[in-house]
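Trainee: I should like to take a close look at a single part of this model. Could you please guide me through the pairing of its strands and the aromatic side chains that belong to them?

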Amino acid sequence: DVYKRQPTAFAVTFPHPMTLTSVKLTSAAGQTVDVAVTPGATPSATVSTPLPALEPGSYSAAWSATGADGHQMNGVVRFMVH
């Protein structure tokens, strides 16, 4: 069942090329999970990074990305692992 699988990657799509600069996962209990982001990756309209194995629970993923002109974008995505 597709809803019972944990995510294997974090991805964001933009209208113009960006470089993902950070992803920070935080569990509902406040524990942080390290997510490696490739420094200096080629800018792309869709950026992604692999996620580590996650324990069941609720998470938030705070992300940031930078455009070629230095413009910074960020956001937070919330999800659950069953």
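Mentor: Let us begin with one bridge: Ser 27 has Tyr 59 as its bridge partner in β4. The model is a predicted one, in which local features need pLDDT of at least 70 and side-chain atom pairs count only at pLDDT 80 or more, while totals for chains, interfaces and linings use all residues. Residues are numbered from 1 along each chain as its sequence is written, and side-chain values use heavy atoms, with hydrogens and water left out.

Strands here are DSSP runs of E with at least two residues, numbered from the N terminus. Two strands pair if DSSP finds at least two bridges between them. By that rule β1 and β4 pair in the antiparallel sense, over nine bridges. β4 also pairs with β5, again in the antiparallel sense, over ten bridges. Within this second pairing, Ala 62 stands opposite Val 76 in β5. The hairpin of β4 and β5 has four residues between the strands, and Gly 70 takes a positive phi near 90° in this hairpin.

We may now turn to the aromatic rings. Rings of Phe, Tyr and Trp (its six-membered ring) pair if their centres lie within 6.5 Å; planes under 30 degrees apart count as stacked, over 60 as edge-to-face and the rest as tilted. The count by this rule is two aromatic pairs. One of them joins Phe 14 and Trp 63 in an edge-to-face arrangement, with 5.7 Å centre to centre and 65° between the planes. Because Phe 14 lies in strand β1 and Trp 63 in strand β4, this pair ties together parts that are 49 residues apart in sequence. Phe 14 counts as buried (under 20% relative accessible area, where exposed is over 50% and partly exposed is in between, with a 1.4 Å probe and protein chains only), since its relative accessibility is 7%. Trp 63 counts as buried too, at 11% relative accessibility. Tyr 59 and Phe 79 form a stacked pair, 5.7 Å centre to centre with 20° between the planes. Tyr 59 belongs to strand β4 and Phe 79 to strand β5, so parts 20 residues apart in sequence are tied together by this pair. Both Tyr 59 and Phe 79 are buried.

What surrounds Phe 14, leaving aside its neighbours within four places in sequence? Phe 14 is in contact (heavy atoms within 4.5 Å) with Ala 45, Val 47, Trp 63, Ala 65 and Met 73.

The nonpolar core comes next. Such a core is a set of buried Ala, Val, Leu, Ile, Met, Phe, Trp, Tyr and Cys residues joined through side-chain atoms within 4.5 Å. The largest one has 17 residues, of which Phe 10, Phe 14, Leu 25, Trp 63 and Phe 79 touch the most other members. The elements giving two or more residues to this core are β1 (9-27), β4 (57-67) and β5 (72-81). The largest share, seven residues, comes from β1. In soluble globular proteins, nonpolar side chains tend to be buried together.

Finally, consider two further residues. Thr 19 lies in strand β1 and counts as buried, at 14% relative accessibility. Residues up to four places away in sequence not counted, Thr 19 touches Ala 41, Thr 42, Pro 43, Val 47, Ser 64, Ala 65 and Thr 66. Pro 50, by contrast, is exposed, with a relative accessible area of 60%. Pro 50 lies in strand β3 (residues 44-50), and its contacts beyond four places in sequence are Thr 8, Ala 9 and Val 35.
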